[in-house]
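Welcome! Let's take a walk through this structure together, one region at a time.

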Amino acid sequence: MLSIYNDLTRTKEPFEPLQPGKVNMYVCGMTVYDLCHLGHARVMVVFDVVYRYLRSIGFDVTYVRNITDIDDKIIARANERGEPFSELTNRFIAAMHEDADALGVLPPDQEPRATGHLPAIIRMIGRLIERGHAYVADNGDVYYDVRSFPEYGKLSGKSIDDLEAGARVEPGEVKRDPLDFALWKAAKPDEPAWDSPWGQGRPGWHIECSAMSTEALGDTFDIHGGGADLTFPHHENEIAQSEGATGHPFVRYWMHNGFVRINDEKMSKSLGNFFTVREILERYRPKEVRYFILTSQYRSPLNYDEEHLENARAALTRFYTALRGLPDAEPKGAEEFEQAFHAAMQDDFNTPEALAAMFELVREINRVRQAAPDVAAGLAAALRRMGDALGILQQEPEAYLRAAADDDGMSDSEIDALIKKRQQAKQDKDWAEADRIRDELQGAGIVLEDGPGGTTWRRG
């Protein structure tokens, strides 16, 4: 049985969705004012694997990943650039989709935007006011009354009293308590605004996700995910808002992926170790980056360094080399390896252990491929099926192994022409020329593999 570490209970629990065979999952997506960075890539890949694996074991999954397309950072960036906020957000949404596609991330079933759900947001704020969980300040802002929700802090483990000890109301603020947070922000000059019962304004960040998730998936749903940085205050506030408005439990299983570190330091612009997805993809292929992300269990920190990316490149080369030359077949003969793979994945999506099971299968393929090619083909089909559940090994092996790591290397046609010249030199017993061509190709990073069927090649 699948088990998931539930951050709400701080224990690993058997996964039992509300409806047998059906999973509803919501993940906090990007605030679109800049390009995706490696932290965003990890969130997208981690929950794409959750989505893929749940589907692979027979669940009907509805996956919702939102877009925050209005907030303080978006407004500030649009004003800096002198453009409408919607032009800015549309451009970065398109860039986000390009990055997700490159990393092999499947589109979610729904991708709601905050600005497209203003009526639902306003309705939820109204219910919170009616139920005594929110109030309208003198300036038209609407605040959530944190002390009206006794269970506040149950996700993060923080107590209201401890939080209040380090908080204070700043001069000029109109909220009653330093812990209260904004649900609706009254309109300011040069900011986008929408009509509401409390005057023109725009939603606070936290209320967006409560309104969009419950509108898409109902008052209670199965899985809510996001980065560990969102646990407090964002997800804590979502619980208070949603349960305060509906009177029902909000989410059954809370999942958070760990932080990204760069060479064992926290990633940040101030430290100069901040990488966008596009910067990384200038040096590494998308599947290498995806594979690298899978080498850490999703709750653990992910440490980015060159050695780890090179290891990911070597690992994928090993997988594809094992698959190379084996025909399509029915998956068979790999029950032991499949059991190990699923045991790992059903233990809170333990992708490092799942990859280890796949490597054991690669060893078996290589062991039997010469003596029993039909058996090897069945094993290879099982390996591809495991890869599908992780979003890897989906290219043709020959195409992958021949693909350039960058556009500046020797072209496929140039390599093929040199190999043909080398074969002719060998036929002519011109061993010096054959060796010279081999050395030239090796110098360009091309690995030759001579076998009974001729010479194949791959980029090293």
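Keep in mind along the way that this is a predicted model. A good place to begin is the largest pocket, which holds about 1,300 Å³ of space. Its lining is made up of 48 residues, and those nearest the centre are H37, H40, K73, D229 and L230. Many parts of the chain come together here: helix 1 (38-56), helix 2 (72-81), strand 7, strand 8, helix 6 (205-217), helix 7 (231-246) and strand 11 (260-262) each supply at least two lining residues. Helix 1 provides the largest share, with five residues. Sorted by class, the pocket lining has 21 nonpolar, 14 polar and 13 charged residues.

Let's stay with helix 1 and turn to the enclosed spaces. The structure holds two cavities of 30 Å³ or more, and the largest of them has a volume of about 70 Å³. Around this largest cavity you will find V46, V49, V50, I293, L294, S296, Y298, F349 and T351. Helix 1 gives the most to this lining, with three residues, while helix 9 (286-294) also supplies at least two. Seven of the lining residues are nonpolar and two are polar, with no charged ones.

The second largest cavity encloses about 30 Å³. Its walls are formed by K185, A186, A187, K188, E191, P192, G201 and R202, with strand 7 and strand 8 each giving two or more of these residues. Here the classes divide into three nonpolar, one polar and four charged.

Those two strands lead us to a sheet. Strand 7 (residues 181-186) and strand 8 pair in the antiparallel sense over three bridges, and K185 stands opposite R202 in strand 8. They belong to an open sheet of four strands in the order 5-6-7-8, with antiparallel pairing. Strand 5 (134-136) and strand 8 (201-203) are at the edges with a single partner strand each, so one side of each has no neighbour in the sheet. From one strand to the next, the twist averages 20 degrees. Lying across strand 5, strand 6 (142-144), strand 7 and strand 8 is helix 4 (residues 118-130), which runs at about 120 degrees to strand 7.

Our last stop is a pair of helices. Helix 11 (residues 335-345) packs against helix 13 (residues 373-390) at an angle of about 10 degrees, with the axes 11 Å apart; the two are therefore roughly parallel. On the helix 11 side, F337, E338, F341 and M345 take part, meeting A382, R385, M386, A389 and L390 of helix 13. This contact comprises seven nonpolar and two charged residues, and no polar ones.

Notes. Residues are numbered from 1 along each chain as its sequence is written. This is a predicted model: local features need pLDDT of at least 70, side-chain atom pairs count only at pLDDT 80 or more; totals for chains, interfaces and linings use all residues. Side-chain values use heavy atoms; hydrogens and water are left out. Axes are lines fitted to C-alpha atoms, for helices over the stretch in contact, and angles run from 0 to 180 degrees between N-to-C directions. Angles under 35 degrees count as roughly parallel, over 145 as roughly antiparallel, 65 to 115 as roughly perpendicular and the rest as oblique. Contact means heavy atoms within 4.5 Å. Ala, Val, Leu, Ile, Met, Phe, Trp, Tyr, Cys and Pro count as nonpolar, Asp, Glu, Lys and Arg as charged, and the others, Gly among them, as polar. Two strands pair if DSSP finds at least two bridges between them. On a 1 Å grid over the protein atoms alone, a cavity is a set of points where a 1.4 Å probe fits but cannot get out, and a pocket is an open set with protein on both sides within 12 Å along at least five of seven lines; lining residues have an atom within 4 Å of a point. Grid points are joined across faces, edges and corners, and a volume is the space filled by probe spheres set on the points.
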